[in-house]
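Subject: Structure for you to look at

Hello,

The structure we talked about is below, sequence included. Please open it alongside this message; my notes on charged side chains follow.

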Amino acid sequence: QVQLVESGGGLVQPGGSLRLSCAASRISFAIYSMGWYRQGPGKQRELVATITSGTVTNYADSVKGRFTISDDKAKNTAYLQMNSLKPEDTAVYYCHIIGTGYWGQGTQVTVSS
């Protein structure tokens with residue numbers, strides 16, 4: 001069974017950084033596009049960033065210049081490096097294999113002083 005397991009969330013002060021990881025089993029990032037999504041309190045789930053073929057990336061305007069998506073095919077793991085975090089980045093972050101029904105369980109990111 002395909003599994004996506006996120007980790008790396010936590011509580012951080014504004015301006016801080018976190019790196020999220022998404023480890024995949026029984027599915028390869030090499031042949032799929034992968035995305036990070038987030039759902040803040042009382043908000044709809046929104047796309048944060050996508051990566052295709054390990055090189056083509058896209059970002060939501062709200063995170064451009066602050067977040068970086070990457071993957072390590074050897075480890076079958078995707079990452080989201082988040083810098084200059086803001087309180088409005090507070091959300092549960094999910095990884096998703098685009099075009100499939102596979103989602104991770106989510107990891108909470110809270111940005112607060």
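Lysine 73 has a relative accessible area of 36%, so this residue counts as partly exposed. Its partner in a salt bridge is aspartate 71, with 3.3 Å between the closest N and O atoms. Aspartate 71 is on the buried side of the cut-off, because its relative accessible area is 18% and buried means under 20%. Please keep in mind that the model is predicted.

That pair is one part of the count: the structure holds 5 salt bridges. Some of them share partners, and in this way Arg38, Glu46, Arg66 and Asp89 are joined into one network.

Aspartate 89 takes part in two of the contacts I looked at. One is a salt bridge with arginine 38, at 2.9 Å from N to O. Arginine 38 belongs to strand S4 (residues 34-39), while aspartate 89 sits in the loop between strand S8 (77-82) and strand S9 (91-97), so this salt bridge ties together parts that are 51 residues apart in sequence.

The other is a salt bridge between aspartate 89 and arginine 66, at 2.7 Å from N to O. This pair also links distant parts of the chain, 23 residues apart: arginine 66 is in the loop between strand S6 (56-59) and strand S7 (67-72), and aspartate 89 in the loop between S8 and S9.

How accessible are these residues? Aspartate 89 has 1% relative accessibility and therefore counts as buried. Arginine 38, at 6%, counts as buried, and so does arginine 66, at 10%.

Glutamate 6 is another matter. This residue lies in strand S1 (residues 3-7). Glutamate 6 is buried yet has no salt bridge. Which side chain of opposite charge is nearest to glutamate 6, and how far away is it? The answer is arginine 45, 7.6 Å away; a salt bridge would need a nitrogen within 4 Å of a carboxyl oxygen.

What the side chain of glutamate 6 does have is backbone nitrogens beside its polar atoms. The backbone nitrogen of glycine 106 lies 2.7 Å from one such atom, and the backbone nitrogen of glutamine 105 lies 2.9 Å from a polar atom of that side chain. Leaving aside neighbours within four places in sequence, glutamate 6 is in contact with ten residues' worth of surroundings that include Cys22, Trp36, Tyr94, Cys95 and Thr107.

Regards

Methods
Residues numbered from 1 in each chain as written. Predicted model: local features only at pLDDT ≥ 70, side-chain atom pairs only at ≥ 80, totals over all residues. Heavy atoms only, no water. Helix = DSSP H or I, 4+ residues; strand = E, 2+ residues; numbered from the N terminus. Buried < 20%, exposed > 50% of the residue type's maximum accessible area, 1.4 Å probe, protein only. Lys, Arg positive; Asp, Glu negative; His and termini not counted. Polar contact = N/O pair within 3.5 Å; in protein donor to acceptor, adjacent residues only side chain to side chain. Contact = heavy atoms within 4.5 Å.
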